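Student: I'd like a close look at the interior of this model, please, starting from a single buried position and working outwards. Please give me the cut-offs as you go.

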Amino acid sequence: MARAQTQFENFHRTILFGYDSSQDLRDRRDTLLADLKKNISPDAPPYTTFTQGSYALDTGIHPLDGNPDMDIGVLFECSPDDYTDPLVLKKYVRDALERHNRTVNIRRPCVTVTYHKDESPVHHIDLAVYCSNAAGQTQIAWCRESTPLVDREWKPSEARELTEKITSQFSGRDRDQFRRCVRALKRWRDEKIGHKNTPSIGLTVAAYNWFVPRYDNIDGKPIDLNALRDLVDAMLARWTGSRLQVHLPVAPYSDLFERMTETQMTDLKSRIEELRDALNEADAQADTHEACKILRKKFGEDFPVPEKSETTKNTSAGVSTSGRSA
């Protein structure tokens, strides 16, 4: 059987996009936070900031549209009772960050800062605004400027706790394989799912719930193809009726796929089944060249296909096993 492990690892290095690998994004973040500190209204309460999302989880990928983003939490030292209108705090952040070389917009979940080059967006940074209630639970400011006052709200949102849960779920080689498989799933999503209601965090939490590391029981090497195939099988096995539900493991414990329509959910299941079949077909190949041709159809042109002359030798059909590294 063709494992294509070298190709999976090369694919991962190609699509990987993280905080440590992007000096430009780090510089933008540092400048943005310096501007926030310098320009924020003296009426605003003190705050701290933290990285959240795929960069905190180390599961970011190069987006196909070329517009990478970063998520930052801004936690104000106040309570929802102090600011019953959460838009006040979001405006403090927006007003502090407005400059000629970027656009700043208040969206429902965050304040988005977009950078442009030749009038095209090159990347953006989302700043979520939080405070903590009397029980110490973080609450996110949920509103636009156009949201009627009565509908502006603070909602439970435990971003830091989510990061801690996911990053501590695996360690060592298991965590490395987990991140490779999550990134592969996210690139597959970008290549094959034609709508935005299948969120990356939904795939990441599905992997948090159901990923099992796979290694060859003879040489101990990782087998990403089998780990990913088993994860896809686990997702399909959890389908309830017409829907897959993946709930946040922290407050507000919401279903991350709840915004998907029935048509979109049907399409997602069909696409996942096609991915499972492709992974099984690739696993059955004796030649890595042929296996990678199959995988490229699902993961896109960044998935490498070795020359046939490099792969004509018989491939050892090792047996996979699951296990957690220490």
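Tutor: Thr163 counts as buried because its relative accessibility is 16% (buried means under 20% relative accessible area, exposed over 50%, partly exposed in between, with a 1.4 Å probe and protein chains only). This is a predicted model, so local features need pLDDT of at least 70 and side-chain atom pairs count only at pLDDT 80 or more, while totals for chains, interfaces and linings use all residues. Residues are numbered from 1 along each chain as its sequence is written, and side-chain values use heavy atoms, with hydrogens and water left out.

Thr163 sits in helix 5, residues 159-167 (helices are DSSP runs of H or I with at least four residues, strands of E with at least two, numbered from the N terminus). Setting aside neighbours within four places in sequence, Thr163 is in contact with Ala56 and Leu57 (contact means heavy atoms within 4.5 Å).

Helix 5 also supplies at least two residues of the largest nonpolar core, as do helix 1 (5-15), helix 6, helix 7 (200-210), helix 8, helix 9 and helix 10. Such a core is a set of buried Ala, Val, Leu, Ile, Met, Phe, Trp, Tyr and Cys residues joined through side-chain atoms within 4.5 Å. This one has 53 residues, and Met235, Leu295 and Phe299 touch the most other members. Helix 8 gives the most, eight residues. Beyond four places in sequence, Leu295 is in contact with Ala4, Phe8, Leu225, Leu279, Ala282 and Phe303. A second, separate core of 32 residues includes Phe17, Tyr55, Leu89 and Val111.

Two of those partners, Leu279 and Ala282, are among the buried residues of helix 9. The buried residues of this helix pack against helix 6 (172-192), helix 8 (224-237) and helix 10 (288-299). Helix 9 has 23 residues (262-284), so at 1.5 Å a residue it should span 33 Å, in agreement with the 33 Å between its end C-alpha atoms; the expected span is 1.5 Å times one less than the number of residues.

Charged pairs reach this region too. Arg187 forms a salt bridge with Asp302, with the closest N and O atoms 2.7 Å apart (a side-chain nitrogen of Lys or Arg within 4 Å of a carboxyl oxygen of Asp or Glu). Arg187 is in helix 6 and Asp302 in the loop between helix 10 and strand 9 (320-322), so the pair ties together parts 115 residues apart in sequence. Arg187 is buried at 2% relative accessibility, whereas Asp302, at 34%, is partly exposed.
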